[in-house]
Amino acid sequence: MAEEASGSRGGLFGAGGRFKGGTDPIMEKFNESINFDKRMWAQDLRGSIAYCKAIQKVGILTPEESATIISGLESVYSEWADNKFEIKAGDEDIHTANERRLTEIIGPLGGKLHTGRSRNDQVATDTRLWIVEAEKDILKDIATLLHASSEFSREHIDVLMAGYTHLQPAQPIRFSHWLMSHMAAITRDAERLKEMIPRANQCPLGSGALAGNAFGVDREFLAKELGFEGVTSNSLDSVCDRDFVVEFLMWHALLLTHLSQLAEDLIINNMLKCVDIDDAYATGSSLMPQKKNPDALELLRGKAGVALGRSVGLMATLKGLPRAYNKDLQEDKVPMFDGVDTVKDCLAIATGVIVTMRPNPKMLMKALCPEMLATDLADYLVRKGVPFRETHHISGACVRLAEEQEVCIDTLTLEQLQKIDSRFEEDVLKVWDYVASVERKSSIGGTSKARVLEQVENTIAFAKTL
């Protein structure tokens with residue numbers, strides 16, 4: 001004869017109802033989520049207080065009963081806030097833990113709170129509340145990064161560096177222009193996150209298990225009580241919609257991709273001694289005493305791959321689910337929590353690295369080479385009325401001549417240049433000026449001093465809106 005399962009089912013599902021015996025202890029551990037969803041304790045209690053008021057409004061609770069339940073919930077809240085809440089066996093998740101403790105405090109009256117409510121709409125509510133709060137908090141962290149980076153760019157506005165395409169020397173730019181290029185990507189990330197919040201900030205409470213609430217609770221009242229911007233439109237969808245989690249995970253993968261690109265640029269410039277990373281964000285070697293490794297940047301780069309995995313992983317979980325709620329959806333919490341934690345850590349690290357790093361103007365200038373002004377040479381003839389396609393070939397011929405003679409292009413004499421094209425005049429020698437080159441890039445978004453400072457001011461202004 002098979003041995004009976006001996007595990008507890010907790011107060012909600014004890015023997016005598018649908019089930020005759022306890023759960024297998026392994027199944028109980030496998031099924032529980034309290035160890036991670038306890039992070040939503042505050043949101044769960046806020047939702048319960050609002051729901052208590054809602055069912056009082058429709059006559060399920062008397063005003064006195066409602067007041068007693070709310071007082072009990074506030075006591076539970078205080079226990080969590082004071083780190084005194086005790087998780088017990090049978091507390092499958094944050095919802096059952098809070099309800100169990102409420103009933104311990106106020107007695108059987110606590111059992112009325114769940115009238116018409118399911119853990120399906122309850123967890124959807126908690127998760128939305130939690131992620132919206134987290135997203136708003138992340139926007140503040142992004143604002144700090146954008147502001148700090150902009151001020152750093154202003155401080156180093158006169159430093160020039162080599163700009164690259166295909167990791168080949170391309171054109172001279174300002175160091176600040178390079179840094180603000182990364183902040184442009186982070187700005188887009190902030191804009192996307194702001195756009196996501198209203199979609200997440202919709203109230204599913206009052207949807208029941210799937211079919212809706214049988215007691216006519218006022219869902220718009222619930223939304224207002226909880227600070228939601230509206231209510232979800234379909235109860236079936238409400239309990240199984242995790243688009244807002246997927247959106248966040250896809251978003252955080254892109255943000256961390258952008259931070260990874262910043263980290264890679266800094267790793268290369270650190271290797272070339274163009275930028276010195278502060279000791280606070282570097283580590284040494286267990287064997288080689290001379291080593292100073294940019295581990296903070298390498299970890300920023302590495303986190304992006306893990307972030308992408310979280311996004312793809314949850315999408316794979318969702319793709320085969322039938323309507324409506326399925327326990328698979330429990331698997332959204334860990335990647336969501338980890339994603340938020342990783343984003344906040346990475347933003348803090350990136351901000352710290354930037355405000356403490358030291359650009360080396362001498363080494364950054366050393367990376368510049370006259371060949372990077374070949375386009376300026378072509379533009380010189382354009383200003384004399386020669387079609388660019390023609391000047392491109394003429395400038396290319398000058399580059400080839402310098403290579404053949406194993407000299408820098410800026411050492412070619414006027415006579416040598418005129419042998420390639422007679423339209424070169426004595427003022428062509430003024431082309432070989434890096435500062436003049438960057439200052440000519442004066443269109444919006446360009447690398448001239450005025451335009452970079454404009455980008456700095458615009459970014460600071462945007463950061464203040466977050």
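Reader: Which helices each supply at least two residues of the lining of the largest cavity?

Author: Helix 3 (41-57) and helix 5 (94-106) do. Keep in mind that this is a predicted model.

Reader: How much space is in the largest cavity?

Author: Its volume is about 40 Å³. The structure holds one cavity of 30 Å³ or more.

Reader: Which residues line the largest cavity?

Author: Start with the list, then sort it by element and by character. The lining is made up of Asp-44, Ser-48, Leu-73, His-95, Asn-98, Glu-99, Leu-102, Leu-113, Arg-117 and Gln-122. Helix 5 gives the most, with four residues. By character, the lining has three nonpolar, four polar and three charged residues.

Reader: Now the pockets. How much space lies in the second largest pocket?

Author: About 220 Å³. Its lining has 13 residues. Nearest the centre lie Ala-162, Tyr-164, Trp-178, Asp-265 and Asn-269.

Reader: Where does the lining of the second largest pocket come from?

Author: Strand 1 (160-165), helix 7 (175-200) and helix 10 (243-271) each supply at least two residues. The largest share, four residues, comes from strand 1. By character, the lining of this pocket divides into eight nonpolar, four polar and one charged.

Reader: Next, single residues. Is Ile-354 buried or exposed?

Author: Look at relative accessibility. Under 20% counts as buried. Ile-354 has 0%, so this residue is buried. Find Ile-354 in helix 12 (residues 333-356).

Reader: Which residues is Ile-354 in contact with, leaving aside its neighbours within four places in sequence?

Author: Leu-145, Ser-149, Phe-152, Leu-179, Met-183 and Leu-262. Now pick Asp-332 for a distance check. Asp-332 is 22 residues from Ile-354 in sequence, and their C-alpha atoms are 33 Å apart.

Reader: How far apart are Lys-29 and Glu-92, in sequence and in space?

Author: They are 63 residues apart in sequence and 8.4 Å apart in space, C-alpha to C-alpha. So read sequence and space separately: Ile-354 and Asp-332 are 22 residues apart but 33 Å apart, while Lys-29 and Glu-92 are 63 residues apart but 8.4 Å apart.

Reader: Is Lys-29 buried or exposed?

Author: The cut-off for exposed is over 50%. Lys-29 has 63% relative accessibility, so Lys-29 counts as exposed. Lys-29 sits in helix 1 (residues 25-31).

Reader: What does the side chain of Ser-150 reach?

Author: For a polar side chain, look for a partner. The side chain of Ser-150 reaches the backbone oxygen of Leu-146 at 2.7 Å. Ser-150 is in helix 6 (residues 119-155) and is buried, at 0% relative accessibility. Beyond its neighbours within four places in sequence, Ser-150 is in contact with Met-180, Val-456, Thr-459 and Ile-460.

Reader: Which side chain makes a polar contact with the side chain of Asp-241?

Author: That of Arg-128, at 2.6 Å. The Asp-241 side chain also reaches the backbone nitrogen of Asp-243, at 2.7 Å. Asp-241 lies in the loop between helix 9 (235-240) and helix 10. With a relative accessible area of 12%, Asp-241 is buried.

Reader: How do I check a helix? What should helix 11 span?

Author: Take 1.5 Å a residue, then compare the ends. Helix 11 (residues 295-318) has 24 residues, so it should span 34 Å. Its end C-alpha atoms are 35 Å apart, which agrees.

Reader: Which residues of helix 11 are buried?

Author: First the general idea. An α-helix has 3.6 residues a turn, so residues three or four places apart point the same way. Now the case. The buried residues are Ala-296, Leu-297, Leu-300, Ala-304, Ala-307, Arg-310, Ser-311 and Leu-314. These buried residues pack against helix 10 and helix 12.

Reader: Let me try another. How many residues has helix 15?

Author: Helix 15 (residues 388-404) has 17. From first C-alpha to last it reaches 24 Å, close to the 24 Å expected. Its buried residues are Thr-391, Ile-394, Ser-395, Ala-397, Cys-398, Val-399, Leu-401 and Ala-402.

Reader: What covers the buried residues of helix 15?

Author: The cover includes helix 14 (374-382) and helix 16 (414-420). Look past the helix end, too. Helix 15 is followed by Glu-406, whose phi is positive, near 55°.

Terms used
Residues are numbered from 1 along each chain as its sequence is written. This is a predicted model: local features need pLDDT of at least 70, side-chain atom pairs count only at pLDDT 80 or more; totals for chains, interfaces and linings use all residues. Side-chain values use heavy atoms; hydrogens and water are left out. Buried means under 20% relative accessible area, exposed over 50%, partly exposed in between (1.4 Å probe, protein chains only). Contact means heavy atoms within 4.5 Å. A polar contact is a pair of N or O atoms within 3.5 Å; within protein, one must be able to donate a hydrogen and the other to accept it, and residues adjacent in sequence count only if both atoms are side-chain atoms. The expected span of a helix is 1.5 Å times one less than its number of residues. On a 1 Å grid over the protein atoms alone, a cavity is a set of points where a 1.4 Å probe fits but cannot get out, and a pocket is an open set with protein on both sides within 12 Å along at least five of seven lines; lining residues have an atom within 4 Å of a point. Grid points are joined across faces, edges and corners, and a volume is the space filled by probe spheres set on the points. Ala, Val, Leu, Ile, Met, Phe, Trp, Tyr, Cys and Pro count as nonpolar, Asp, Glu, Lys and Arg as charged, and the others, Gly among them, as polar.
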